[in-house]
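This report looks at how a protein chain folds and at how it surrounds the molecules bound to it. Please keep the sequence and the structure in view while reading.

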Amino acid sequence: MRILTGIQPSGTLHIGNYFGAIKPAVELQERGEPFYFIADYHSMTTLTDADQRRQNTLNVALDFLACGLDPKKSVFWRQSDLAEVCELQWILGSLTPMGLLERAHSYKDKTAKGISPNFGLFAYPVLMAADILLYDTNLVPVGRDQKQHVEMTRDIAIKFNQTYGETFVIPEPEIREEVAVVPGLDGQKMSKSYGNTVDIFGDEKATRKKIMGIVMDSRTPAEPKPDADKNIAIQLLKLVAPANVAQEFEDRLRAGGLGYGDLKKALFEHYWNYFSGPRQRRAELAANLDYVNQVLNDGAARAREKAQVVLTRARKACGLQ
Ligand code: ADP
Ligand code: TRP
């Protein structure tokens, strides 16, 4: 079974990315043949700083490897090392109805926020379909916000198969419901673009400050809080602390007597502890960039072997050869 997912190098990775994408991807390494890549082409739709892209790409590689991606189990590469994906994008784009792309939530959200759309942003789901279909992918682990894109990939693949004959494997999304949306510090979905993140490998002082700054309501510590499960710090604590510890804090908050400051302090300590192993591993990798580049280059070579087989199949099916 081929498992594939991509992550954009559009900023610093946060714990929403970790619980929504990286952790499931690392766990899935035991279940199949994982193909994981850094979606640097996709990042071009919103980021126009070249140095920043290079730096972010390296950071994503370090973050992923530090968090447990094992290059012996997974193929890990930089998307733009395989320009084949752009050819497939064209082939698929020529079968993709405009109406389908106009309905994409991510496109509608971005334009609603006033981002003036470029062709790349509009075509984003077609490039994503090419990413997925190019490797005969069966399973795509993503956060809930990406589900629609995987559904579009299915629609495009089915249309191609109906038009030109059986060519592409139809993929399934895999959404982890329990961590489907990690809340950010302001209660909205945690996202690089909302400035409400806790970074996976954030600086100690700055992250403590961010967490201590989570805005709560003005109820006194003594007051019982029947809505304790809705509290952002509790929700985040459930991700980084052992289940019984998080439950204990939730019960104490509900009963009354636990101050928000103490709760936030506990959240910071558990967060810091949770990522201490990966933090150390990341520092080792950052001191050995030749190794990191070697992993990405080997990954690109292995991805290309598969991509060429599928691309040839697609080219033949639609009469390009
Ligand atoms: P961002 O919203 O910060 O720009 P991306 O869109 O680059 O994040 O998402 C990268 C991956 O992380 C995707 O698989 C996405 O579904 C997942 N992800 C992002 N934010 C969250 C979140 N708050 N909760 C769960 N998963 C998330
Ligand atoms: N669009 C995804 C995101 O922003 C990243 C991505 C690009 C992706 N290509 C992919 C995810 C293919 C899964 C499969 O999170």
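Which element gives the largest share of the shell around ligand 2? It is helix H7, from which four residues of that shell come.

## About the model

This is a predicted model, in which local features need pLDDT of at least 70 and side-chain atom pairs count only at pLDDT 80 or more, while totals for chains, interfaces and linings use all residues. Residues are numbered from 1 along each chain as its sequence is written, chains are lettered from A and ligands numbered from 1 in the order in which they are written, and side-chain values use heavy atoms, with hydrogens and water left out.

## Overall fold

The protein contains 14 helices and five strands, where helices (H or I, at least four residues) and strands (E, at least two) are DSSP runs numbered from the N terminus. Its radius of gyration, taken over C-alpha atoms, is 21 Å, close to the 20 Å that the globule rule (2.2 Å times the number of residues to the power 0.38) gives for 321 residues, so the protein is as compact as a globular protein of that length. Along its principal axes, the C-alpha trace spans about 75 × 45 × 35 Å.

## The surroundings of ligand 2

Around ligand 2 there are 14 residues, of which Gln8, Tyr124, Met128, Asp131 and Gln146 come nearest; a residue is counted here if one of its heavy atoms lies within 4 Å of the molecule. Strand S1 (2-7) and helix H7 (119-133) each supply at least two residues of this shell. By class, the shell holds eight nonpolar, five polar and one charged residue, with Ala, Val, Leu, Ile, Met, Phe, Trp, Tyr, Cys and Pro counted as nonpolar, Asp, Glu, Lys and Arg as charged, and the others, Gly among them, as polar.

Polar contacts are pairs of N or O atoms within 3.5 Å; within protein, one must be able to donate a hydrogen and the other to accept it, and residues adjacent in sequence count only if both atoms are side-chain atoms. A polar side-chain atom of tyrosine 124 lies 2.7 Å from a nitrogen atom of ligand 2, and a nitrogen atom of the ligand is also 2.7 Å from a side-chain N or O atom of aspartate 131.

## The surroundings of ligand 1

Ligand 1 has 16 residues around it, and those that come nearest are His14, Asp145, Val182, Ser191 and Lys192. Its shell divides into six nonpolar, seven polar and three charged residues.

A polar side-chain atom of asparagine 17 lies 3.1 Å from an oxygen atom of ligand 1. The backbone takes part as well: a polar backbone atom of methionine 190 is 2.9 Å from a nitrogen atom of the ligand, and a polar backbone atom of lysine 192 is 2.7 Å from an oxygen atom of ligand 1.
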